[in-house]
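Reader: I would like a close look at one part of this model, the place where the two chains meet, with enough of the surroundings to put it in context. Please take me through it carefully.

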Amino acid sequence: MHNGTDPLPRRDSRKERIARNRLHPEHDAVLAEMLGTSRVGPSLWAGPNGLARRNPHRVGFSGPNGIKRIDRSGAQIDTSLNLRTERQAVVADRRTTVEIETPAFLIAVVPDLPGGRLSAHDRDLLGLARQLADADPAVPGAVLAIVFGAIREDGFGTAGVDRLLHSLIHSADQSPGLGASSNTQCRPEARLAVLADVERELLPCHWLLPDSPMGGADLGRRLAARLSERPATQVWQINQDADGKRCNGLGAAGSTDINRPLSRLVLALAECAEPVAMTRHAARPMTLPAPLSRMPGRIQDLGAVAVDPATVALDEAEFILAAGRGVSDWAGFHNAAAVLGATEGASRVAVDDGFMARDRQVGASGTWVTARVYLAVGISGAIQHLQGIKSCDKVVSINLDPDCDMNKRADLAVIGDADEILAALVALQQRIEEKADAA
Amino acid sequence: MPPDVLVESAPADRLGIAVLVSVGRHPLTGRTRRADQDARAYELALSIAGACTALLHAGQNDAENELALRGYLGMVGASESGENTAERLVVIEQAIGADVLPALVNALRELTPELVLCGMRAETGEGSGMLPYLLAEWLGWPIVSGVAQVESVSDGVATLLQALPRGQRRRLSVRLPAIVTVDSAAPGARPSAFGPARRGGLAVSAAASMPDEARAEWLTTPARKRPRRLKIITALSARDRFKAAAAKTQGGGGKVLTGVSPEIGAEAIQALLKEEGVLPS
């Protein structure tokens, strides 16, 4: 438009109309042409006199219905720039790295590690240990985690562990093929011997164990009896008082609160403290100076007993195979549950349609399950159902609809017909079992 | 009366079992009753054929406690199926708030049972669940916690089923003498019959009580309900906080297999199940 040779500037009313209309498909191109730049100018620039100039028309972006949206958080999404994917890729890690070279004291933590990973209870306990270790910034303590057996956790540092003592007491006389279950093996006396070694060599300031039926409650009480320490059990809070640290715990089968001075050995409940979120610690491996003592156990583990998964209560089940509207071959589904050794669950639709019993319903009006692995077959994931599986560790979804909410929740989503995939899974498992039988 | 008259050891040919019982508290009404897990422990003792069971309690000896303790005596076994009901309950009298550990250790040393059964923790007082562990440490016996079933006892070795979370069971064998604590997953106790409970013998033996001094300075209040933890949001800007509060559950880097044959999908699922260790093998 600003053509120098043309004595009379001409206006193109069509282009002006397009420039005014943000929704016009040629809007950006026309605007760029009118302003003489490849990109539309910035919304904020320094004027000739150093004053900040702002183009109010360029602030914000067009929303989905063409309505201008201004996002003042600084995280503006400019759809024309197509920055969406880049923004999602750059998620800043705000954790600060903390290294404690020479700790003034040690806080020993013995996490449960069910399945070789830190449970939520373990993380809370490590948060509590950090509270005790970081109470005085002038004399920082270190958190020592003592772990047994095979571990599959790689986030000890982000959970707040400064020193990691990995005891392999199970690897020596462990029968092959028990890889996954080895750290659930019952060797309390051998574990106690390791902890007694740690006590002798390192003398931790405090011992923290989870008061959980996964093993922490048993091991902690054994340790307390061995060290002749009176433990504070079922602790849910530690607070600083004028005359030292005190702790709150449950007594009398949970019917009383006991407020008492903090003891050296603490058995803490879940949610006793916030897990570590803002720091990353070294989790430096360490070994005991002396070789770990061994002692023949008077308790012998004869292995897990096969329990019929169908008889296990739904809220206690570890592995649930749940069916929804996407299942049509119900005989195949029940067969799959038997072959995979899973407890059966169902969505509300499957229960309402009469294919499954009411006590098998998972979700808001059924059971809130705590399974470690949840295999959802043909369940699209209504919000009530997703509430029910909130505390599940791993979710696998088989569904025809790639955009359903269950697939967003799932760690592994397979898009396809539920009956066919389930049948293939059963065939695969049976083939492996036959191979094992033949061998 | 001296305690050695009250506590008789089992005959040499029969398995001697001591069941440690306590006074429980009903969770709703707050009335004294037989403790649930201790009653299950006695039930477990009754299920062991050919045993000789002794019931032991260390604590105060007053009318209210006696009523609760007689609940155990009302659990009568069927003698034709080999069940052995304890003839009487021995109460080792202790002062209020006393540490019952030394008295129980002395009684068990005299009684010399091969198997000691008890609940996992008391329903009144501190309820720390330490007593069986301290007994095991003082007596030098092994302890197995959370047992649901005694499968067999032979040649000085007991085979037990331990209750694990998630309804799982683990088979353990332990050398006797041993202390075994009984989980709530064990079979429920039979109802207590009124007549036998009234008629049952309650022998009281005096023993020195050791006061529990550390406990005197604790503050004990009725438990208040703890609030459930809300979702932890560590967002720094208002926009992130709003998004976290309003968003539905987001996929956390889940893998999606689209357009694959059922066999490949099944293999991927099976690999995950195997990695988690939930498949039978």
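Author: In this predicted model, the contact between the two chains draws 92 residues from chain A and 81 residues from chain B. The area buried between chain A and chain B is about 7,300 Å², and carbon and sulfur atoms account for 55% of that area.

Turning to the polar side of the contact, 8 salt bridges are found across the interface of chain A and chain B. One of the salt bridges joins Glu276(B) to Arg117(A), and the closest N and O atoms of this pair are 3.4 Å apart. In addition, 28 residue pairs, both members at pLDDT 80 or more, are in polar contact across the interface of chain A and chain B. On the side of chain A that touches chain B, it is helix H12, residues 418-438 of chain A, that gives the most, with 8 residues.

To set the interface in context, each chain can be described in turn. Chain A has 439 residues, of which 46% count as buried, and its secondary structure comprises 12 helices and 21 strands. Among contacts in chain A with a separation of 6 or more, 56% are between residues 24 or more positions apart. Chain A exposes about 21,900 Å², and carbon and sulfur atoms supply 53% of that surface.

Chain B has 281 residues, 44% of which count as buried, with 9 helices and 15 strands in its secondary structure. For chain B, residues 24 or more positions apart make up 74% of the contacts with a separation of 6 or more. The accessible surface of chain B is about 14,100 Å², with 53% of it belonging to carbon and sulfur atoms.

A helix of chain A can also be followed residue by residue. In helix H1 of chain A, residues 13-20, the buried residues are Lys15(A), Ile18(A) and Ala19(A). These three lie on the same side of H1(A), because they cover an arc of only 100 degrees around the axis. As a general point, an α-helix has 3.6 residues a turn, so residues three or four places apart point the same way. Helix H2 of chain A, residues 27-35, is included in what covers the buried residues of H1(A), whereas the face of H1(A) turned away from its buried side carries the exposed residues Ser13(A) and Arg20(A). At the N-terminal end of H1(A), Asp12(A) acts as a cap, with a side-chain oxygen 3.0 Å from the backbone nitrogen of Arg14(A).

Definitions and conventions
Residues are numbered from 1 along each chain as its sequence is written. Chains are lettered from A and ligands numbered from 1 in the order in which they are written. This is a predicted model: local features need pLDDT of at least 70, side-chain atom pairs count only at pLDDT 80 or more; totals for chains, interfaces and linings use all residues. Side-chain values use heavy atoms; hydrogens and water are left out. Buried means under 20% relative accessible area, exposed over 50%, partly exposed in between (1.4 Å probe, protein chains only). Helices (H or I, at least four residues) and strands (E, at least two) are DSSP runs, numbered from the N terminus. The arc is that of the directions from the helix axis to the C-beta atoms. Contact means heavy atoms within 4.5 Å. A polar contact is a pair of N or O atoms within 3.5 Å; within protein, one must be able to donate a hydrogen and the other to accept it, and residues adjacent in sequence count only if both atoms are side-chain atoms. Accessible areas come from the Shrake-Rupley method with a 1.4 Å probe; for residues, only the protein chains shown count as cover. Buried area is the accessible area (1.4 Å probe) that two parts lose on being put together, summed over both. A salt bridge is a side-chain nitrogen of Lys or Arg within 4 Å of a carboxyl oxygen of Asp or Glu.
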